[in-house]
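Please look over the structure below before reading on. The report after it works from the sheet to the metal site and then to the empty spaces.

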Amino acid sequence: AKLIGVELVRVTMPLKQPFRTSFGSETARDILLLRWVRSDGEGWGECVAGRDPLYSSEYTDGAANVIRRFLLPRLVADGDIRAESVAGVLEPISGHRMAKAAVEMAVLDAQLRAEDRPFAEYLGSSRSRIPAGVSIGIQPSIGQLLDTVGGFLDEGYPRIKLKIEPGWDLEPVARVRERFGADVLLQVDANAAYRLSDARHLSGLDEFGLLLIEQPLANDDLRQHAELARLISTPICLDESIISAAAAADAIAMRAAQVINIKPGRVGGYLEARRIHDLAAAHGIAVWCGGMLETGLGRNANIALASLPGFTLPGDTSASDRFYANDITEPVVLRDGHVPVPTGPGLGAVPDEGRLKEFTVSREWIPA
Ligand code: OSB
Ligand code: MG
């Protein structure tokens, strides 16, 4: 099929409550969407970069720029564009994995829609629903934390993840355990806020029976994570450090990660994400699907990915109404602690034109 052009759509999605992590607080998501228009139909991609380069070096304006200047021209010059060849064509451009992932996602969606094929079928997965975890930001007080956790447990979320940072770690975990009991599936995420010299302090988490601690140390501290794993008994899960299947292989070989959080945007796309799933499964390493406060576009694609059998831990695949009062797609809805694996063609959802318009701040048409 012939590529006609690509539209870059910028949306601002207000969050129901501010979301605070160890690296910053967000009140709205500044999101870049891509509409990939072919002669036989179209597909949508969502870029997970944040407005500011805090989680990683990528940021929304930068992603739009690199897509416009460097990624699209290479793909257009290559001619017939299949999702499976996107990463190879873009390989000479270093880094910018979130931008590349957004492009590959749009190409894949258009391709699957043209074949009338659902993403889960393309992946070869068969689950019809998956359990959904929820990620809870750093709260202004313990009281508000307990109310928030209680609310999500009442909604039926079977797994709770608490964001932590120095000064907000042992106490919130202890109070959540004290209030809600030892059976709640509980884990923490530090977003790289600690140093190896905090090992003794972090071993204070060991008594709380956490599923894992996510990314305690800096993004490039693989060796230090391996050392920390020898000093604490809470399993270590890596997020920011795992930027590719090669990085995952290094982390596994070094024993720096007992668990891996897979985020398609962080690793350059859903196809690389799948390779990490396969690699981890071959090594007996559990994986789960992370989240980047995606709209229903990214969320549905993540849910399809997370229906692969190696995703043995609940992911950050919470429903649309966890972050957004109104999503741009049909909302993802939680039922009995699960979210449904999309069954329609493509990655699972399309934006509703009316709701998309409500959140759109700019659109740019780039002819092929
Ligand atoms: O570290 O997992 C993270 C959101 C933005 C940046 C980093 C992270 C997160 C989350 C959100 O935890 C999880 C979600 O989308 O539900
Ligand atoms: Mg994380």
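What follows is a short report on a predicted model.

## The sheet

Seven strands make up an open sheet, and their pairing is parallel. Their order is β5-β6-β7-β8-β9-β10-β11. β5 and β11 are the edge strands, each pairing on one side only.

Take the end of the sheet that holds β9, β10 and β11. Strand β9 covers residues 236–238 and pairs with β10 in the parallel sense, over two bridges. Leu238 has Ile260 of β10 as its bridge partner. Between β9 and β10 the chain passes through helix α9, residues 245–253. This β-α-β crossover is right-handed.

Strand β10 spans residues 259–262. Which of its residues point which way? Val259 and Asn261 point one way, Ile260 and Ile262 the other. All of them are buried.

On its other pairing, β10 runs parallel to strand β11, residues 286–289, and four bridges join the two. Ile260 is partnered by Val287 in β11. Ile262 is partnered by Cys289 in β11. Ile260 thus appears in two pairings, as partner of Leu238 and of Val287. From β10 the chain reaches β11 through helix α10, residues 270–282. That β-α-β crossover is right-handed too.

## Two helices

Helices α10 and α3 can each be checked against an expected span. The table sets out the values.

| Helix | Residues in helix | Expected span | End C-alpha separation |
|---|---|---|---|
| α10 | 13 residues | 18 Å | 18 Å |
| α3 | 18 residues | 26 Å | 25 Å |

At 1.5 Å a residue, the span of α10 agrees with expectation. The span of α3 agrees as well.

Burial comes next. In α10 the buried residues are Tyr270, Leu271, Glu272, Ala273, Ile276, His277 and Ala280. α3 is mostly covered, with 15 of its 18 residues buried.

Both helices are followed by a residue with positive phi. After α10 comes Gly284, with a phi near 70 degrees. Just after α3, Asp116 has a phi of about 55 degrees.

Ala102 belongs to α3, which runs over residues 97–114. Its relative accessible area is 0%, so Ala102 counts as buried. Ala102 and Gly268 are 166 residues apart along the chain, yet their C-alpha atoms are separated by 8.2 Å.

## The magnesium site

Which residues coordinate the magnesium ion (ligand 2)? Asp189 (OD), Glu214 (OE) and Asp239 (OD) do, at 2.1 to 2.3 Å. Along the chain these donors follow the spacing D-x24-E-x24-D. Glu214 sits in strand β8, residues 213–214, while Asp239 is in the loop between β9 and α9. The pair therefore ties together parts that are 25 residues apart in sequence.

Are Glu214 and Asp239 buried or exposed? Glu214 has 0% relative accessibility, so Glu214 counts as buried. Asp239 is also at 0% and is buried.

## Pocket and cavities

The largest pocket holds about 530 Å³ of space. Its lining comprises 36 residues. Closest to its centre are Phe23, Glu26, Arg29, Gly50 and Leu293. β1 (3–21), β2 (24–38), β5 (133–136) and β6 (159–163) each supply at least two residues of this lining. β2 provides the largest share, with seven residues.

How many cavities of 30 Å³ or more does a search of the whole structure find? It finds two. The largest cavity contains about 90 Å³ of space. It is lined by 14 residues, and those nearest its centre are Glu46, Val48, Met105, Gly265 and Tyr270. The elements giving two or more residues to that lining are β3 (41–47), α3 and α11 (296–305). The largest share, four residues, comes from α3.

Tyr270 links two parts of this account. Tyr270 is among the buried residues of α10, and Tyr270 is one of the residues nearest the centre of the largest cavity. Helix α3 recurs as well: α3 is mostly covered, and α3 gives the largest share of the cavity lining.

Key
Residues are numbered from 1 along each chain as its sequence is written. Chains are lettered from A and ligands numbered from 1 in the order in which they are written. This is a predicted model: local features need pLDDT of at least 70, side-chain atom pairs count only at pLDDT 80 or more; totals for chains, interfaces and linings use all residues. Side-chain values use heavy atoms; hydrogens and water are left out. Buried means under 20% relative accessible area, exposed over 50%, partly exposed in between (1.4 Å probe, protein chains only). Two strands pair if DSSP finds at least two bridges between them. A crossover is right-handed if, with the strands pointing away from the viewer, the path from the first strand over the helix to the second runs clockwise. The expected span of a helix is 1.5 Å times one less than its number of residues. Donors are N, O and S atoms within 2.8 Å of the metal (3.2 Å for Na, K and Ca); water is not among the atoms, so sites may look incomplete. On a 1 Å grid over the protein atoms alone, a cavity is a set of points where a 1.4 Å probe fits but cannot get out, and a pocket is an open set with protein on both sides within 12 Å along at least five of seven lines; lining residues have an atom within 4 Å of a point. Grid points are joined across faces, edges and corners, and a volume is the space filled by probe spheres set on the points.
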